[in-house]
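This report looks at the empty spaces enclosed within one protein model. Please look at the sequence and the structure together before reading on.

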Amino acid sequence: MYVWARMVRMMATARSRGPYAMGGEGRLAFRCLPTDIDFNIHLNNARYMMLADLGRIDLFVRAGLITLARKNGWAPMMGGLQAVYAREIRLWRRFEVVSSIETWEGTQVVGKHRFVLDNGETAALILTTAGVYDRKARNFLEIDEVVAALGRAVNPRPPTQTERIFMTSHQGLRSLAKGVGRSR
């Protein structure tokens with residue numbers, strides 16, 4: 001239930017954070033609750049993914065993507081992620097999820113979610129890859145097309161070396177999951 005409460009809170013306060021500008025950051029504040037913890041009494045690893053989802057949905061709502069997607073029969077979809085945990089988020093600790101759209105190439109968008117403690121230290125970092133699926137055409141859209149449909153005139157920056165490694169790793173894992181190149 002509290003997951004939905006956090007979602008409702010994020011949606012209800014989205015307007016107060018203003019429109020999302022490509023290249024900017026979104027910030028959502030949280031506290032680690034008893035329902036978030038594991039037996040180590042810190043934020044459960046699965047909860048990081050759920051909170052990153054909220055950060056991503058916040059960006060999509062504020063950029064106008066959710067409205068546009070509903071109108072056009074599109075579906076923003078996650079492709080994959082990679083997470084690293086640097087510091088624990090203990091029970092009752094305040095933290096922020098700082099989310100951003102870093103860049104895009106073809107049909108892939110690279111996002112970043114930093115979990116920032118109340119002292120400014122990064123507790124975790126999640127890189128994501130996502131796309132926008134056109135249900136009618138049954139394919140993923142070029143992100144440049146989606147950005148243009150949003151009325152934005154923004155060009156992506158080239159992926160950094162770290163982002164390129166992440167994107168390549170994602171494509172390799174995706175091929176494994178789909179059984180491409182698997183010997184039988």
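By class, how many nonpolar, polar and charged residues does the lining of the largest cavity have? In this predicted model, that lining has 15 nonpolar residues and 1 polar residue, with no charged residues.

The count comes to 2 cavities of 30 Å³ or more, and the table sets out their volumes and the classes of their lining residues.

| Cavity | Volume | Lining residues by class |
|---|---|---|
| Largest | about 170 Å³ | 15 nonpolar, 1 polar, no charged |
| Second largest | about 80 Å³ | 6 nonpolar, 5 polar, 2 charged |

The largest cavity, with a volume of about 170 Å³, is lined by 16 residues, of which Phe60, Leu65, Ile101, Val109 and Val146 are the closest to its centre. Two or more residues of this lining are given by each of helix H2 (45-63), strand S3 (94-105), strand S5 (122-134) and helix H4 (143-149).

The second largest cavity holds about 80 Å³ of space, and of the 13 residues that line this second cavity, Arg56, Phe60, Val109, Gly111 and Thr128 are the closest to its centre. Here the elements that give two or more residues to the lining are H2, S3, strand S4 (108-117) and S5, and the largest share, 5 residues, comes from S4. By class, this second lining has 6 nonpolar, 5 polar and 2 charged residues.

Phe60 and Val109 are named among the residues closest to the centre of the largest cavity, and Phe60 and Val109 are also named among those closest to the centre of the second largest cavity.

Conventions:
Residues are numbered from 1 along each chain as its sequence is written. This is a predicted model: local features need pLDDT of at least 70, side-chain atom pairs count only at pLDDT 80 or more; totals for chains, interfaces and linings use all residues. Side-chain values use heavy atoms; hydrogens and water are left out. On a 1 Å grid over the protein atoms alone, a cavity is a set of points where a 1.4 Å probe fits but cannot get out, and a pocket is an open set with protein on both sides within 12 Å along at least five of seven lines; lining residues have an atom within 4 Å of a point. Grid points are joined across faces, edges and corners, and a volume is the space filled by probe spheres set on the points. Helices (H or I, at least four residues) and strands (E, at least two) are DSSP runs, numbered from the N terminus. Ala, Val, Leu, Ile, Met, Phe, Trp, Tyr, Cys and Pro count as nonpolar, Asp, Glu, Lys and Arg as charged, and the others, Gly among them, as polar.
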